Amino acid sequence: MLKLDIQRFAVPARKTSKTSKRMRRTHYKISAAGTTKCPKCGSVIKPHRVCSECGTYKNKEVKKTEETTD
Ligand SMILES: [Zn+2]
């Protein structure tokens with residue numbers, strides 16, 4: 001008996017219409033990045049990162065900035 005070595009794939013029964021495709025893709029949205037406020041200077045920063053304004057992380061200075069060098 002002849003054994004066929006053909007892979008079978010799932011094939012959609014019909015073409016997805018433009019409307020269905022576009023309706024599905026309305027859920028593909030970019031979400032806004034989370035932000036927090038720096039506890040020292042109050043500027044808006046990304047969470048778990050050194051503040052670019054005052055160079056602090058968790059109220060400790062970790063980076064020298066132009067305002068804090070003097
Ligand atoms: Zn700051």
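In the predicted model, Tyr-57 touches Val-50, Cys-51 and Val-62 when residues up to four places away in sequence are left out of account. Tyr-57 belongs to strand 3, which spans residues 56-57. The C-alpha atom of Tyr-57 is also separated by 8.3 Å from that of Cys-38, a residue 19 places away along the chain. With 17 other C-beta atoms within 10 Å, Tyr-57 is partly exposed, because the count falls short of the 20 or more at which a residue is taken as buried and lies above the 12 or fewer that would make a residue exposed.

The protein chain that holds Tyr-57 contains 1 helix and 4 strands, and these elements follow one another from the N terminus in the order α-β-β-β-β. The helix covers residues 18-25, while strand 2 comprises residues 44-45 and strand 4 comprises residues 60-61. Of the 70 residues in the protein chain, 4% are buried. When contacts between residues at least 6 apart in sequence are considered, 0% of them join residues at least 24 apart.

Two residues stand out for their backbone geometry, given that most residues other than glycine have a negative phi. His-48, although not a glycine, has a positive phi of about 65°, and this residue is found in the loop between strand 2 and strand 3. Lys-58, likewise not a glycine, has a positive phi of about 55° and lies in the loop that leads from strand 3 to strand 4. As for their surroundings, His-48 has 9 other C-beta atoms within 10 Å and is therefore exposed, since 12 or fewer suffice for that class. Lys-58, also with 9 other C-beta atoms within 10 Å, is exposed as well.

Confidence in the prediction was examined for the chain and for its elements. The mean pLDDT of the protein chain is 85, and 87% of the residues in the chain reach 70 or more. Among the elements, helix 1 has the highest mean pLDDT, at 96, whereas strand 4 has the lowest, at 82. Where pLDDT is low, the predicted coordinates should not be read in detail.

Terms used:
Residues numbered from 1 in each chain as written. Predicted model: local features only at pLDDT ≥ 70, side-chain atom pairs only at ≥ 80, totals over all residues. Helix = DSSP H or I, 4+ residues; strand = E, 2+ residues; numbered from the N terminus. Contact = placed C-beta atoms within 7 Å. pLDDT = per-residue confidence, 0-100.
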